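Good morning, and thank you for making time for this presentation. I should like to take you through one assembly, chain by chain and contact by contact.

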Amino acid sequence: MLEVRSLVKSFGALRATDGIDFDVREGETHAVIGPNGAGKTTFIGQLAGNIRPDGGRIRFAGEDITALPAAQRARKGLARSFQITSIYPEFSALHNVALAVQATSGHSFRFWSPAFSDDGILQPAEAILREVGLGTRARVLAASLSHGEQRQLEVAMALATKPRLLLLDEPMAGMGAEESRRMIDFLGTLKQRHTMILVEHDMDAVFRLADRISVLVYGRVIATDVPERIKLNEEVRRAYLGEDS
Amino acid sequence: MTWQLVFEQLLNGLQSGVTLFLMAAGLTLVLGIMNVVNLAHGSLYMVGAYLALAAARWTGSYALGLALGVGGALVVGMIVEVVVLRALYERDHLDQVLATFGLILFFNELIAILWGRAALFASPPAWLRGHIDLFTGSRYPSYRMAIIAVGLATAVLLWYVVTRTRLGMLIRAGATNRGMVAALGVNIRLLNTVVFGFGAALAGLAGILSGPIYNVQPGMGELVLIQVFVVIVIGGIGSIRGALAGAVIVGVVDTLGRAFLKPLMATVISAPAAENAGPALASILVYLLMAAVLAFRPQGLFPARGG
Amino acid sequence: MKSRLVLWAIATAVLVALPPLLLAIGQPFYVDLTRRIMILAIAAVSLNLILGYGGMVSFGHAAYIGIGAYAVGILGFYGHFNGGLHFLVAIGASALVALAIGAVSIRTSGIYFIMITLAFTQMLYYLGISVAEFGGDDGMRLKRRSELPFLDLNDPVQFYYLALVLMLISVFLVSKLVNSRFGMVLRACKSNEARSRAIGFSPYPYRLAAFVIAGAMCGLAGALYGNHTNYITPGLMSWTQSGDIMFMVILGGMASTAGPVLGAFALLFFEDLLSGWTQHWQVILGPLLVLSVIFFRRGLAGIFYKPDA
C-alpha cells in the first residue's frame, strides 16, 4: 500500500532522514518506534505531506505521491492524527468529525443549504463518535473535552475521512493508564478493517498491535521485523539501552 | 533623454532608496524579531521630522535639531513600545494592526493640533544648499548627495552591528528563533525595547532627512509606510540585506519610472494616450513589481531564515 | 436561534420607522447619517465574511468601495445612468479586481498578507489619483444619481429604504453562506489550517472564492456610497477607510452576523458625536481604538448573544 524509497531530508547540517526504505502492506499494522530525536516526526511529516523531502520517493497505492501536498494526499485516502492535538476547539466534537466527513462526501462549493442539517453528514459523524467512545460527548465543545477525549477525537477525525491508510502519530500521547488501555483496545478493533502506521512510545501498545515494527534511529531504519524478533535484535537493544525496553 | 539625465535620476532613485532603507531596516527587524505588525512606524518618521524642525527653529542650529529629532523619535518609540506594543506581542496580527492603526490616528491628530494641518517648510542646512559637480559634467544637489552618504553609512553601520557585535548576534538569533533566545535567559523585554527604539530612531532620521525634499505634514508617514511594506515584501522579512536591496530597487524603479515611462511610452503609443497612461503606470510600477516577486519568490529576495 | 430572529425583527422595525419619525421632528440629517451607516454596514458585513469567518486580515477592503463608487461615476461621466448597469458593473469590476488581488495575495499569509493587501489598495488609490480625466486627486462630482425603476434615489427616504433592504439582504446572504458547506470549510481553515489540510481541504480555492464574494458585495456598497455622497474621490479607497471598516467589524464582534452592523452603527454614531465636540476628534478616537483592542475582546455582539458554534 505504501512504499518509501531512499527518503532523505536535511535541516542545515542535520540529516534528519538519512535514506529510509520503508513499506506498509495492505491490511497490516506497521509500528514505527525509536528513541527521541530519531527523526520520527520528520518522517511522519514527509509521509503526510507537510514536509517536502530532499530526495527519495513515496508511492501510495501504486501512485507516486512524493510531490503531492497534504490536502491532496488526504483526499487520496491517507489520513493522519497529530501527535500534538490538532482539532477545532470552538466547534463541538460532533462538528469536528462532521467536517472530516464532509471532506470526503462530495464537493464543498455549496453556498446555500446548511452543511450540518444534512443527515448524510451528521449521521456518519455520530456513528464514528460512538465507535470511538465519545458518543455521549457529541455536543460538547471540543476545547472542553478532556485531554484523553481529545486524543480520541483526533483518531475519530482520521477515521471519518474513510481512509485507506491511517497514520497515527502517538495517539496515546499524554494519556493515563486506563485511557491508554481503552485506546489500545479500540485500535485493536480497527486492525481488521484498516491499514495503519502507528508511531508510538508505549511499548505495550506497540507489541500488542503491531504486525511489523520498524526501528528508527538517527534518521535510518535499523531494523524492520515482526515484534518477537525485534525484541531480540541486538542493535535495537543497544539503541534503547537506558530508555523504554 | 540624455545620459546625464538618466544618471541624475538614478542618483535620485538611490537617494529615495536609502531613505526607504532607513525606515525598512527598523521595521523589518520589528517584524522579523518581535513578529509584530507596527503600522505606527510611519508616525515615528513624522515625529522625527517635526521634532527636528521645531528644535532647529528653537535653537537655530540644524545639527542640534537633527540630534534632538532623532533622540526624540527614539524616546517616543520606546514609550510606544512599553505602553502599547508590549500588550500586543502575544496577540494575533489583526489586533496589532488595529491597535497601531489607532496610534496612527492619534499621532496624526496630535501633530495637527500642535502644528496645524498645513505642510511646513523645511530647508536643508546652509552648508548643504549648493551643488556638487558630477563626473558626467552636470551638477547635483549637495543635500541629496548627503542623504545618499548618510544612508549608505547607516547601512554599513547596521551591517557591522548586526554581524559583528553581540547585540547583533542576539538580534539575528531572535529573528530566527525568538523563544529560544528568551529561554536562554536573555532579557528579551529589554532587547525588544532597544530594537524598537533603534528602529524608531532610524525612522525619525529618515523623516528628518526627507523633510526638505517631500512635505512635512500630518499623514506624511503613511504614504512612505506603504512603500516600505513593498520594500520589505520584496526584500524579505527580518533581513537587513533584503531591506537594502528592496529599498534600492523600489527607489530606483519608482524614480526612473516616473521620470522616463511617459516619454518612453510616447515613442510606442500616441502622445495623448501616453499622457494619461504614463503617470498611471509609473505610479503602480512598484506594486506590479511586488506582485511579480510574490508570484515567483513569495518569501522575498533575501529572506532572513537561513541567513 | 429564535431570540436572534426576534432581535433582528425589532431592529428592522426600528430602522423602518426611523425616517418618518425623524422627519416629523425635523431632523433629516439623521436620516442621511443612518443611511450612510447602513451602506457602510454592507461593506463591514462583506469584510466580516473574510475577516471574521475566514481569518484573512485584509487591510485593503476599502478598495472595493472605491471601485463601486467609481463605476457609478465613470459610467455617469460617459452618459450612462441606468442604475442596473451601475450596480452590475460595480459588482462585476470589484469581483474581477478581488480575483486578481486575491490570486496573488492569498498564497501568502500572516504579516505578508496584511502588507500586500494594503499595498494593492494603495496602488488602486494612486491609480485613481493619477487619472486626471476623472478628477485625479480632487475626485469627480456625480452628474446624476443612478436611475432605478420604481425608485428615485434623489428622494432621501426612498434611498434610505433601498439601503436598508440591501443591508438586510447582505446580512441574510452572509448568514446563509457561513453555515453552508463552503462556509464551514472557510471557518475550519481559520480555526485550524493544518487540521483542515489533513482531512483534505485545501484552503486556497475557498479563501479566494470568499475574497471575491466579499469584494463583490463591497463593490455594491461602493456604488451605493457613491450615490450617497454624490462626490467620488480616491480618498474612498484610502487605507484609513479600510481601517475604519475593520474597526466596525472588530467592535461589533467578529464571526457573528449582527456584529458588523452593530459595529458600523456604534463607530459611526460615535464619530459623528465626537466630531461635533471637536474637529480633532481623532486624537480621542485613536487611543480609544487602541484600548478597545487591548481590553475589549468579544465585541458588542457578545453582549447580546453567544457567538455562532
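I shall begin with the contacts between chains, and then turn to single chains, a helix pair and two residues.

Please keep in mind that this is a predicted model.

Let us start with the question of which chains touch. Two pairs of chains do so, and the pair with the most contacts is B and C. Chains A and B, by contrast, do not touch, their nearest C-alpha atoms being 8 Å apart.

I take the contact of chain C with chain B before the other. Here chain C contributes 36 residues and chain B contributes 37 residues. On the chain C side, three helices each supply at least two residues: α5 (110–130), α10 (239–252) and α12 (282–295). Of these, α5(C) has the largest share, with 14 residues. As to chemical character, this side of chain C has 26 nonpolar residues, eight polar and two charged.

Now to the other contact, that of chain C with chain A. It involves 20 residues of chain C and 27 residues of chain A. The elements of chain C that give two or more residues to this side are α6 (156–179), α7 (181–191) and α8 (193–198). The largest share belongs to α7(C), which provides six residues. By class, the side of chain C that touches chain A comprises ten nonpolar, six polar and four charged residues.

Two of the helices just named also pack against one another. Such a pair is described by the angle between the helix axes and the distance between them. How close do the axes of α6(C) and α7(C) come, and at what angle do they cross? The axes come within 4 Å, and the crossing angle is roughly 70°. An angle from 65 to 115 degrees counts as roughly perpendicular, and α6(C) and α7(C) are therefore roughly perpendicular to each other. From α6(C), the residues making the contact are L177(C), V178(C) and N179(C), while α7(C) brings F182(C), G183(C) and R187(C). Sorted by class, the contact between these helices has three nonpolar residues, two polar and one charged.

Let me move to chain A and its domains. Chain A is divided into domain 1, covering 1–77 + 166–173 + 195–245, and domain 2, covering 78–162. The centres of these two domains of chain A, taken over C-alpha atoms, are separated by 26 Å. Where they meet, 15 residues of domain 1 are in contact with eleven residues of domain 2. On the domain 1 side, the elements giving two or more residues are α1 (40–48), α2 (70–75) and β7 (165–169) of chain A. It is β7(A) that gives the most, with four residues. This side of domain 1 divides into nine nonpolar, two polar and four charged residues.

Chain B deserves a view as a whole. It has eleven helices and two strands, and along the sequence these follow the pattern α-α-α-α-β-β-α-α-α-α-α-α-α. The radius of gyration of chain B is 20 Å, close to the 19 Å that the globule rule gives for 307 residues, so chain B is as compact as a globular protein of that length. Along the principal axes, its C-alpha trace spans about 65 × 50 × 35 Å. Of the 307 residues in chain B, 52% are buried. Among its contacts between residues at least 6 apart in sequence, 77% join residues at least 24 apart.

I close with two residues, one from chain C and one from chain B.

The residue from chain C is L40(C), located in helix α2 (residues 28–53). Is L40(C) buried or exposed? Burial requires 20 or more other C-beta atoms within 10 Å; L40(C) has 29, and is therefore buried. Leaving aside residues up to four places away in sequence, L40(C) touches A221(C), I245(C), A264(C) and L268(C). One of these, I245(C), falls within the bounds of α10 (239–252) of chain C.

The residue from chain B is S142(B), which lies in helix α5 (residues 142–164) of that chain. S142(B) counts as partly exposed, because it has 15 C-beta neighbours inside 10 Å. Again leaving aside residues up to four places away in sequence, S142(B) touches L128(B), G130(B), H131(B) and I132(B). W127(B) is 15 residues from S142(B) in sequence, and their C-alpha atoms are 8.9 Å apart.

Key:
Residues numbered from 1 in each chain as written. Chains lettered and ligands numbered in written order. Predicted model: local features only at pLDDT ≥ 70, side-chain atom pairs only at ≥ 80, totals over all residues. Contact = placed C-beta atoms within 7 Å. Nonpolar A, V, L, I, M, F, W, Y, C, P; charged D, E, K, R; others polar. Domains from an automatic or database assignment. Axes fitted to C-alpha atoms, helices over the stretch in contact; angles between N-to-C directions. Parallel < 35°, antiparallel > 145°, perpendicular 65-115°, else oblique. Rg over C-alpha atoms; globule rule 2.2 N^0.38 Å. Buried ≥ 20, exposed ≤ 12 C-beta atoms within 10 Å, placed from the backbone.
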